[in-house]
Amino acid sequence: MRVPNSVVLPVGTHVDCCQEQEVVEKTRDIMARITAMLAERKSNLAHFIDNLEGSEEPKFYVDQWERLKEMESCTLTILNLVAVNCTDHRDIKKLEATILEHVKNEELFPEVVRVLPPVYRQVEAAIVDIAQSEEVADHGMMDLQYLLSKLSQREQLACLGRELLQDILRYLHRIGLVVWYEEIKHLESTVFLQPTFLITMFKLLVRYRLVQQLESIS
């Protein structure tokens with residue numbers, strides 16, 4: 001909801017635990033709940049914006065107003081839910097085919113038809129090579145300037161500049177090869193070459209009933 005032009009594909013699992021009619025009903029219910037949730041979010045944002053604009057001292061709330069307007073402009077496309085039986089390999093292949101079909105949809109993903117300069121592919125291959133090398137720690141965190149120096153050591157990338165590298169990193173971040181939080185001041189100089197490490201870390205820190213679990217520790 002906070003990422004511009006997001007596309008979300010809901011996936012329902014455990015189809016093997018349901019009757020066929022149940023799957024149809026649950027799918028319909030989930031999609032209805034998502035639609036209602038988005039409508040409520042839109043209404044709430046409009047309400048908050050109106051409140052700020054109607055306040056006695058609106059100039060004090062400019063930052064909040066700008067953040068809310070930015071969130072309001074974020075479009076969110078919800079695709080039809082795909083119900084799968086995770087114990088059936090055929091269903092996994094069906095999900096894979098559905099994802100690929102959507103990804104190739106130019107209306108959903110305009111970037112899919114973008115023709116990239118050869119240097120993008122060269123940097124991508126070099127980063128994959130660096131990430132898999134023994135000198136990189138398991139967490140895959142690397143200073144942006146150090147990454148640039150490592151890439152510049154390669155003959156075909158000797159003229160690679162920081163500005164071009166940043167453009168390429170934005171692209172690699174969008175496709176999920178790396179994670180680079182350039183908009184966060186404390187992280188703008190750090191590139192995560194192993195996004196899976198972040199997923200593992202988040203799974204440890206952000207979990208259901210985390211507070212209760214921590215409170216249960218004597």
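C17 is exposed in this model, with a relative accessible area of 55%. The structure is a predicted one, and this cysteine offers a convenient point of entry to it. A disulfide is a covalent bond between the sulfur atoms of two cysteines. C17 takes part in no disulfide, for the nearest cysteine sulfur, that of C18, is 6.3 Å away. The cut-off applied to such a pair is 2.5 Å. C86 is a further case: the closest cysteine sulfur to its own is that of C17, and the separation of 10.0 Å is too far for a bond. C86 is partly exposed, at a relative accessible area of 46%. The count of disulfides by this rule is 0.

The discussion now turns to H14 and V15. H14 belongs to the loop that runs between β2 (11–12) and α1 (20–53). Most residues other than glycine have a negative phi. The phi of H14, by contrast, is near 65°, a positive value in a residue other than glycine. H14 is also exposed, its relative accessible area being 52%.

V15 is located in the loop between β2 and α1. With 22% relative accessibility, V15 counts as partly exposed, since the buried class requires a value under 20%. When neighbours within four places in sequence are set aside, the contacts of V15 are V23, A83, V84 and N85. A longer separation along the chain is spanned by V15 and H89, which are 74 residues apart in sequence, while their C-alpha atoms are separated by 13 Å.

From V15 the contacts lead to V84. V84 is placed in the loop between β4 (82–83) and α3 (89–103). What is the relative accessible area of V84, and is the residue buried or exposed? The value is 1%, and V84 is buried. Residues up to four places away in sequence not being counted, V84 touches V11, G12, T13, H14 and V15, and also D91, K94 and L95. H14, the residue with the positive phi, is thus among the residues that V84 touches. A separate pair gives a sense of distance within the model: V84 and V123 are 39 residues apart in sequence, and their C-alpha atoms are 37 Å apart in space.

These local features may be set within the whole chain. The secondary structure of the protein chain consists of 8 helices and 6 strands. In sequence order, these elements follow the pattern β-β-α-α-β-β-α-α-β-α-α-β-α-α. The chain is more spread out than a compact globule, because its radius of gyration is 22 Å, well over the 17 Å that the globule rule gives for 218 residues. Along the principal axes, the C-alpha atoms fill a box of roughly 60 × 60 × 55 Å.

Burial and contacts complete the description of the fold. Of the 218 residues in the protein chain, 26% are buried, V84 being one of the buried residues. Among contacts between residues at least 6 apart in sequence, 58% join residues at least 24 apart.

The surface and the charges remain. The accessible surface of the protein chain is about 15800 Å², and 55% of this area belongs to carbon and sulfur atoms. The side chains include 24 positive and 34 negative ones, and the centres of the two sets lie 2 Å apart.

Definitions and conventions. Residues numbered from 1 in each chain as written. Predicted model: local features only at pLDDT ≥ 70, side-chain atom pairs only at ≥ 80, totals over all residues. Heavy atoms only, no water. Helix = DSSP H or I, 4+ residues; strand = E, 2+ residues; numbered from the N terminus. Rg over C-alpha atoms; globule rule 2.2 N^0.38 Å. Buried < 20%, exposed > 50% of the residue type's maximum accessible area, 1.4 Å probe, protein only. Contact = heavy atoms within 4.5 Å. Areas by Shrake-Rupley, 256 points an atom, 1.4 Å probe, with all protein chains shown as cover. Lys, Arg positive; Asp, Glu negative; His and termini not counted. Charge placed at Lys NZ, Arg CZ, Asp CG, Glu CD.
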